[in-house]
There are 2 protein chains.
Amino acid sequence: MDKIRWGILGTGTIAHKFASDLKRVENAELTAAGSRSLQSAEAFCREFDIPLSFGSYEELAAHNEIDIVYIATPNHLHHPNTLLCLNHGKAVLCEKPFALNARQASEMITLARRKNIFLMDALWTKFLPHYQKMLEMVRSGKLGAIKMVRANFGFQANAEPDSRLLNPEMGGGSLMDIGIYNVFTALDILGEPDEISVSINATEQGIDEQCAVVFKYNSGAMASLFSSISANVETEVEICGTLGRLKLTAPFYDSASVLEHEADGKKNFIMTEKEEGLGYQYEARHATGCLLEGSAETMVVPHDYSILLMKTLDKIRDLAGIVFPDM
Amino acid sequence: MDKIRWGILGTGTIAHKFASDLKRVENAELTAAGSRSLQSAEAFCREFDIPLSFGSYEELAAHNEIDIVYIATPNHLHHPNTLLCLNHGKAVLCEKPFALNARQASEMITLARRKNIFLMDALWTKFLPHYQKMLEMVRSGKLGAIKMVRANFGFQANAEPDSRLLNPEMGGGSLMDIGIYNVFTALDILGEPDEISVSINATEQGIDEQCAVVFKYNSGAMASLFSSISANVETEVEICGTLGRLKLTAPFYDSASVLEHEADGKKNFIMTEKEEGLGYQYEARHATGCLLEGSAETMVVPHDYSILLMKTLDKIRDLAGIVFPDM
């Protein structure tokens, strides 16, 4: 292979963003798009000049001119859609949250491993240059011992009552939609917490409109994480170590975010490479590279990490009393 | 009375700050200072050109040329020192925390009311112009319905093991020292919480080196509060409403803090009066005014509010398992 042929399952907002950024990836071709409605798939294919459109997920998964499928469907479909593609021998990049729970994630990973097929959790912001630079600074010890991580992610969704965002059957709530970024950022910096405490504001449907999570570590470190789909909170990450403080400026998930470093009373901005696009090209480029190399797993988001993240989210929801049906 | 004669009990850091700012207050005279050590009192009096120095708290409390005493002793002495001064007929401005618990606070207030003497909880930042402007904006509805309040206050104390900051017998810990600012700010904006959850990192002595508090309201609002004496976290307040966001820039307790307002994608800074000094002159001026008017209670920090604040702190410590001996 010298070109990786991509298919996209789903034609919503995230599919649009990904398709737009995939144009920036060398050795990648956007070959197909599939939706439950042929009309949607055709409209999407016209918009992005994609040759193959399919009116069912099965047809796309089965087609022999596709190497990897990006799963861009709603949260509750990530698990069945991933299994479908893997069963048809397709590599998979699955949008976050990887699944609705750790059991589903394990099933997906077990199947990928058994078939030796590439499978990756689409934690796209992990591939952003400023995020990687942040991790490098934390791991180098430049900030000293990390004592506190704060991450807030919020927006005012004004969602209709039947929106996927509010629907427990579709894996709704602030935690699964955006709180997940806070959670994996804290995991990346401080590792698995020794204790978790959670407080949410539940909607009538029983999902979290706002979710406050505190991670506690035997080391003396803590993380304070807040997500909201009812408030436009400043979406920042702050990391406090004994030798200094680092901030991922708002919005921290954006490739335009900048690192603000403060130590000894001096503040300075650390610039990292800024490329045009929405930022999804970094993960797409990485996945394309993995396929070209014949790798079945990436060490940037290893399978065990995806399981840890899902287990942590399961525990948070359990503490909060958020129940997704049929789990 | 046309001049109010002040005495200061205690000669530590906060006493220095207050004495320095009291020079900026019209109709106030710094008349006396008292310490357990006459030497300390004399040194303090020389520094601030104060006529009367006393080597015991009792002597200062009993002296007939003093109208009001500012209690600047460590936390565990606020209650006995306040009772001492009130029993000698002196008005009292008592440094925060007002007491170690609500029971002590009630005793102090009951005595002041019975004797009809002015008593005020020294929540000095409430009197800062930018804090008052913030409250005005919240109460006017300009920010819409408030959904989230975030307040962080932290510094790296590097305290010795025998420091008052780490000593439970002296009311140590991050919550009582600085977390109290976060707590009363949330109370001022959102009122008494319907639910509280707390997570702390406890020291060997059993006090909180870091303390994360979440307030939950039946209205759908939440507050996320974090205090630390082991991490230099950015000391900001953020208030998110349905119509906009307001930030008290770091450090939010400082009279130099500025309000940053964001709505409809536009950010602007709201300037308030900035006067020289450390910011303690505002509360000192207010207390002086109350005495000149013959008032026994201020409506900016009413007695019932001090009780509510102490009860809230009691509940947080109870949930966290922080125990002060002999309570």
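How far apart do the end C-alpha atoms of residues 131-246 of chain A lie, and how much of that span is helix and how much strand? In this model, which is a predicted one, those end C-alpha atoms lie 11 Å apart, and the span is 23% helix and 35% strand. I start there because the same stretch, residues 131-246 of chain A, carries the UniProt annotation "domain: GFO/IDH/MocA-like oxidoreductase", which comes from an unreviewed entry.

Let me turn to how chain A is divided. The domain assignment gives domain 1 as 4-124 and domain 2 as 129-278 + 310-320, and the centres of these two domains of chain A, taken over C-alpha atoms, are separated by 26 Å. Where they meet, 16 residues of domain 1 are in contact with 16 residues of domain 2, and the two domains bury about 1,500 Å² between them, with 63% of that area on carbon and sulfur atoms. On the domain 1 side, A:Arg24, A:Lys96 and A:Trp124 supply 31% of the area buried against domain 2, more than any other three residues.

As for polar interactions between the domains of chain A, the rule finds zero salt bridges across this interface, while the count of residue pairs in polar contact, both at pLDDT 80 or more, is seven. Helix H1 (13-22) and helix H5 (102-115) of chain A each supply at least two residues of the domain 1 side, and the residues of that side divide into nine nonpolar, three polar and four charged.

Now to the interface between the chains, where the contact takes 33 residues from chain B and 33 residues from chain A. Chain B and chain A bury about 2,700 Å² between them, 47% of it on carbon and sulfur atoms, and in chain B the residues that lose the most area to chain A are B:Asn201, B:Met222 and B:Glu234, together 20% of what that side buries.

Here the rule finds four salt bridges between chain B and chain A. The side chain of B:Glu234 meets that of A:Lys247 in a salt bridge, at 2.4 Å from N to O. Between the two chains, 18 residue pairs are in polar contact, both at pLDDT 80 or more. Several strands of chain B each supply at least two residues of the side that touches chain A, among them strand S7 (146-154), strand S8 (195-202) and strand S10 (222-228), but the largest share, five residues, comes from S9(B). The residues on that side of chain B divide into twelve nonpolar, twelve polar and nine charged.

Methods
Residues are numbered from 1 along each chain as its sequence is written. Chains are lettered from A and ligands numbered from 1 in the order in which they are written. This is a predicted model: local features need pLDDT of at least 70, side-chain atom pairs count only at pLDDT 80 or more; totals for chains, interfaces and linings use all residues. Side-chain values use heavy atoms; hydrogens and water are left out. Helices (H or I, at least four residues) and strands (E, at least two) are DSSP runs, numbered from the N terminus. Contact means heavy atoms within 4.5 Å. Buried area is the accessible area (1.4 Å probe) that two parts lose on being put together, summed over both. A polar contact is a pair of N or O atoms within 3.5 Å; within protein, one must be able to donate a hydrogen and the other to accept it, and residues adjacent in sequence count only if both atoms are side-chain atoms. Ala, Val, Leu, Ile, Met, Phe, Trp, Tyr, Cys and Pro count as nonpolar, Asp, Glu, Lys and Arg as charged, and the others, Gly among them, as polar. Domain bounds come from an automatic or database domain assignment.
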